[in-house]
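Hi there,

As promised, I am handing over the structure we talked about. Please have a look at it first, and then read on for my notes on its salt bridges.

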Amino acid sequence: MEVDDAAPRGGGAGGEPPRIRRLEESVVNRVAAGEVIQRPSSAVKELVENCIDAGSSTISVTIKDGGLKLIQVSEDGHGIRCEDLPILCEMHTTSKLSAYEDLQTIKSMGFRGEALASMTYVGHVTVTIITEGQLHGYRVSYRDGVMENDPKPCAAVKGTQIMVENLFYNVVACRKTLQNSALQSYSIKIVDFISRFGVHHINVNFSCTKS
C-alpha cells in the first residue's frame, strides 16, 4: 500500500496533538443560537408561540426584508413584570415551569427559555412591556442575553412588543447565504406560519405587515 507523505496525520509521532480548549460562553451561545433560530421564520414562530402562551387575543407581526432587517411582534397578553426584565433574555429562564415534575402537566407551547435568548446573540433585541394597572411601560435593549441599559419608562400599549433588528448581523456566512436567497420567500414562509396559527387559534386575531 502506498502512503502519501503529504497527507495530514493525526497526533502520532512527529506531530503535536491539537489542544482541547474550553470554548468561551459567547461562542457556545452563538452556535446554539444558530440551531434554534435558523432563519427569520424560526424567530417569528418562537415569538408568536410566546404570545399565545401569554393569553393574547391580538397578535400583530411586522417584517422588513423578509425579517432580516426587522421582526416586530406585538400582543395584548398578560405582559412581563418589570422586575423580571434583567433575566428575561438569559438562557433557560422561563415562567412556564420551576421543577422537572412540572413537565407532566405543562400545556404551554414552549418552556425551555432558549428562543429569546438566542435572538439576542444573533440580532438586536428591544422589548417594550406594560402590565395591567401600570401608568407607563418600560423599554430595554438586549445583547448576548443581558440588558444593554436599565429599563426606561415609556408610553406603551397593554402587553408586550418585541423587536428584533438586523438578524444574523454577526454571523456573516449565514447572513450572506440568506441575503443571496429570495427575500420574498422568507416573507411567504412567515405569512404561512401566521396563517397556520390563525387556523388553529380561532380566538386570536392575527395580522401581518411586510415591506
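Let me begin with the pair K45 and E49, whose side chains form a salt bridge with an N to O distance of 2.9 Å. Please keep in mind that this is a predicted model. Both residues sit in helix 2 (residues 40-53), and because they are 4 residues apart there, about one helical turn separates K45 from E49. How exposed or buried are the two partners? K45 counts as partly exposed, because its relative accessibility is 29%. E49 has a relative accessibility of 9%, so this residue counts as buried.

Another bridge of this kind is found in helix 5 (residues 183-200), where R196 and D192 are also 4 residues apart, about one turn of the helix. The closest N and O atoms of R196 and D192 lie 2.9 Å from each other. With 51% relative accessibility, R196 is classed as exposed, since the cut-off for that class is over 50%. D192, at 30%, is therefore partly exposed.

Then there is R81, which makes a salt bridge with E83; here the closest N and O atoms are 4.0 Å apart. R81 and E83 are both exposed.

How many salt bridges does that make in the model? The count is 3.

When you open the file, you could start with K45 and E49 in helix 2, then turn to R81 and E83, and finish with R196 and D192 in helix 5.

Happy to talk it over whenever suits you.

Best wishes

Note on methods
Residues are numbered from 1 along each chain as its sequence is written. This is a predicted model: local features need pLDDT of at least 70, side-chain atom pairs count only at pLDDT 80 or more; totals for chains, interfaces and linings use all residues. Side-chain values use heavy atoms; hydrogens and water are left out. Helices (H or I, at least four residues) and strands (E, at least two) are DSSP runs, numbered from the N terminus. Buried means under 20% relative accessible area, exposed over 50%, partly exposed in between (1.4 Å probe, protein chains only).
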